[in-house]
Amino acid sequence: MITRIPGKVASRSRAVIHNGIVTTVATSPVKSASMLEQARLALAAIDQNLADAGTSKARIITAMVYLADMSRKGELNQAWDEWVDMGNPPQRACLGVALEGADLVEIVVTAAV
């Protein structure tokens, strides 16, 4: 069975659960010029998505972080280090990409439920 947690747009889910695994995505709801603030808010959204799926950041397996400006990765790292469960650090990769509008960061995680 596949369970989909609806997103803000009808054609996209913010999380999908299948076979004990959830994949979820988030951007910051506030499009400030601060990578640090956007990263913190996106990570808070990931927390909520994981909770809605019945799991938590302690069960994250992998994370893919998309950054609009790789020269600002230090800001993402600061937010990540404040947020991550240090007892259960996941595998993480960052890519520099062109993001839509004023988004500076988009985060996709896969976690065990």
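Two strands count as paired here if DSSP finds at least two bridges between them. Keep that in mind while looking at this model, which is predicted.

Start with strand 4, which covers residues 60–67. On one side, strand 4 is joined to strand 6 (residues 105–112) by 7 bridges, and the two run antiparallel. To find one of these partners for yourself, go to Ile60: its bridge partner in strand 6 is Ala111. Strand 4 also pairs with strand 5 (residues 91–96), this time through 6 bridges and in a parallel arrangement. Here you can pick out Leu67, whose partner in strand 5 is Gly96. While you are looking at strands, remember that in a regular strand the side chains alternate between the two faces of the sheet.

Now move to the loop between strand 3 and helix 1, where you'll find Ser28. Ser28 has a relative accessibility of 1%, so it counts as buried, the cut-off being under 20%. Its side chain reaches the backbone oxygen of Val30 at 2.6 Å. Beyond its neighbours within four places in sequence, Ser28 touches Gln38, Leu41, Ala42, Asp103 and Val105. Take Asp103 from that list: it sits 75 residues from Ser28 in sequence, yet their C-alpha atoms are 7.3 Å apart in space.

Another residue on the list, Ala42, belongs to helix 1. Ala42 counts as buried because its relative accessible area is 0%. With neighbours within four places in sequence set aside, its contacts are Ala26, Thr27, Ser28, Val105 and Ile107. Val105 is therefore a contact of Ala42 as well as of Ser28, since contact means heavy atoms within 4.5 Å. You can also trace from Ala42 to Ala79, 37 residues apart along the chain, with 9.8 Å between their C-alpha atoms.

For a contrast, turn to the loop between strand 2 and strand 3, home of Asn19. Asn19 is exposed because its relative accessibility is 67%, and the cut-off for that label is over 50%. Its backbone deserves a look too: phi is positive, at about 55 degrees, although Asn19 is not a glycine.

Last stop, the empty space. Rolling a probe the size of a water molecule over the atoms shows where such space is left. The largest pocket holds about 610 Å³. It is lined by 18 residues, and those closest to its centre are Lys8, Arg14, Val25, Ala26 and Thr27. Strand 2 (13–18), strand 3 (21–27) and helix 1 (35–52) each contribute at least two lining residues. What classes of residue make up the lining of the largest pocket? There are 7 charged, 6 polar and 5 nonpolar residues. Two of the names near the end of the earlier list, Ala26 and Thr27, also appear among the contacts of Ala42.

Note on methods:
Residues numbered from 1 in each chain as written. Predicted model: local features only at pLDDT ≥ 70, side-chain atom pairs only at ≥ 80, totals over all residues. Heavy atoms only, no water. 1 Å grid on protein atoms, 1.4 Å probe; cavity = no way out; pocket = protein on both sides within 12 Å on 5 of 7 lines; lining within 4 Å. Points joined across faces, edges and corners; volume = space filled by probe spheres on them. Helix = DSSP H or I, 4+ residues; strand = E, 2+ residues; numbered from the N terminus. Nonpolar A, V, L, I, M, F, W, Y, C, P; charged D, E, K, R; others polar. Buried < 20%, exposed > 50% of the residue type's maximum accessible area, 1.4 Å probe, protein only. Polar contact = N/O pair within 3.5 Å; in protein donor to acceptor, adjacent residues only side chain to side chain.
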